[in-house]
Amino acid sequence: MDYLYDHSFDGFLTATAIHFQEKRASGIFPETHYQYRLGEETRSIETDPIRAATFYHELEECFSPDVAHKCGRAFLSDHPNKENLLLTYLNFGFRKGRGFDAIFTHPDVEPVQTIAAAVEWEAARFLGLIRFQEIKGILYASFSPDNAILGLLSDHFLDRLHGEPWIIHDTKRNLAILCNGVKWRMVPFKRDFALTLPREELAIQQLWRGYFTHISIPERKNPRLQTQYMPKRYWKDLIEVNSPHFR
Amino acid sequence: MYDIYDRLQILADSAKYDVSCSSSGNERKNNRSGGIGNARSFGICHAWAADGRCISLLKILMTNHCVYDCAYCINRASNDVPRASLTPEEIAETTMAFYRRNYIEGLFLSSAVDVSPNRTMERIVKTLELLRHQWQFQGYIHVKAIPGADPRLIQQAGFLADRMSANIELPSSESLRLLAPQKQLKTILQPMNQIQQGISENRYALKQYRNAKSFVPAGQSTQMIIGATPESDFQLINASQKLYDRFQLKRVFYSAYIPVGNPKKVLAPIPRIAPLMREHRLYQADWLLRFYGFRAEELLDEIKPHFDADFDPKMIWAIRHLEQFPIEINRAPFETLIRVPGIGHKTASRICNQRQLASLSVEEVKKTRLVWKRARFFLTVRGKYYGGRSLSPEGIKTALQPEWSHQLRLFPGTKGGHAHGLSI
């Protein structure tokens, strides 16, 4: 039987808890993207935040806080089959017991390690690659990451820009974090108008572009190395390279 | 008089040959200080310039008007470049504007010496005070200790900055006498010594007093120019080792010499390998010193004083020490594992974690993400050797040959054919 859940991590944890505690699932899928399979029954899982929290705590107790944490990270991946990779990973875990995570090369373990690491990597990269633009006293940044890392950026910027209102907008998922300088909240967000930037903001962007161009040593030009760290798919939101001059 | 836009570009051009960029080594929470900014111990890179080098800090000179005439430097008095200065206020404002927009992680402030070392250091300290006190800036600051400046000014800067550096530039007194006759190694090492003492005294103070202010919490670094003078790689890496041992430096940076302006005095040694490749090899060796437990005299010696274009320093070391190999991957201690070419820290700890549960088969070893085609010559898996017939330097080099032509493509300007024939 396939379990269908509502895209939330709590929903996924509820489904996984039911899988281990009541009745085994053959797979866990997000309900909106589910393709019905011949001869496979489905069950819609109702998200139960308390059960989810309890199960997460059990993962920490049974294995380690690191394993539970890794599940959370892997869940943010854009891998189309992440739910079932996680399910296989945990199945293997409950079979092997504590310490299973160290068997890195096992086919049930390695994929989860890999996608969790990719999520961590991208989030760390975007701590640096977020670019704010100041509009009417609010710092606004748009970006479109591969994985759903928006939530992983919030505490860093809350601390860094303490007291300042800011918005970080994931244009791929139509989500944003709104922060008033003290607290933040994640909300559905869409922007279908062009930004009109004040003259001061444009001047600072121009200053930054000039600096960016001049700090590079022409004799050492190495575009391949540059795009290795700063992939082109991120460029449209990067002030220093998104002007027509660079495209 | 140029406007701020032009001056910033001129002073970025003047600062860019300083290679240090890291913003790591200190963790500081904002803690609702009323100010802006924080520092992360792992360091954050914000952008990558067209040369592939990361931009983490706003790297800028206060002024490029210089009384010195060091032959290797773009800002030398006799060089015909546009000159400009920024005021402490302008630097502080630009830093804040860039920082709030998340363009940068902080400021890397250096300066040419326009009147005297003291005057320059005073202006640097003033800029840091503006940033830290008036703007309540909690982000990262790396500042240059100007050799010859009053120790009290250096002390003041140290309590405001996260990291300080004094550049050695040339690793021997003779080279310094030739290319920078107005400077002495002694005056360069003096601030370095002072900072190191300051840091160790501060370590004690921080333990004793809750409100003690930290002094250069992210440590100090330095830079050496390579290829402008005839020092061998062995001399360079030995100098680095001494600096790490004696001054507990966090980093030594290497900068491949690029002729700037119209250099007359620079000694042009016959390049053994292309400067960028040489720089790359030095960085690899530097990593081996800092994280892999190697000593300089293990990597090179008087007879073979240079690194190789075709093989990295660890591979060269391993090939010269075949008597220590092969090692059994399921039993060798961590310290031995990381000495195997193709195995790094991450892979080694992965192997150590996994073999506690069960010994690794050769298929599993390959999946630990070690570089199998290089590591296989130096290890056995469950007692079996996979490196071919015989363990000989020539055999390994021949087997690895196709690899370097690929490696070299990382360095534009280094043609495979050019480096060919320069094996050890």
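In chain A, the C-alpha centres of domain 2 and domain 3 sit 21 Å apart. Keep in mind as you look around that this is a predicted model. Two meeting places are worth a look here: one inside chain A, where domain 2 meets domain 3, and one between chain A and chain B.

**How chain A is split up**
- Chain A comes in three pieces: domain 1 covers 2-121, domain 2 covers 130-194 and domain 3 covers 197-247.

**Where domain 2 meets domain 3 in chain A**
- On the domain 2 side, seven residues are in contact, and they meet six residues of domain 3 of chain A.
- Two strands of chain A, S4 (133-135) and S5 (138-143), each put at least two residues into the side of domain 2 that touches domain 3.
- The top contributor to that side of domain 2 is S4(A), which gives three residues.
- Sorted by character, the domain 2 side that touches domain 3 of chain A has two nonpolar, three polar and two charged residues.

**Where chain B meets chain A**
- This contact involves 38 residues from chain A and 41 residues from chain B.
- Four helices of chain B, H1 (4-15), H2 (88-100), H12 (345-355) and H13 (362-367), each supply at least two residues of the side that touches chain A.
- Strands S1 (47-48) and S2 (54-55) of chain B each do so as well, again with at least two residues.
- H1(B) gives the most to the chain B side, with five residues.
- As for the mix, the side of chain B that touches chain A breaks down into 19 nonpolar, 11 polar and 11 charged residues.

Key: Residues are numbered from 1 along each chain as its sequence is written. Chains are lettered from A and ligands numbered from 1 in the order in which they are written. This is a predicted model: local features need pLDDT of at least 70, side-chain atom pairs count only at pLDDT 80 or more; totals for chains, interfaces and linings use all residues. Domain bounds come from an automatic or database domain assignment. Ala, Val, Leu, Ile, Met, Phe, Trp, Tyr, Cys and Pro count as nonpolar, Asp, Glu, Lys and Arg as charged, and the others, Gly among them, as polar.
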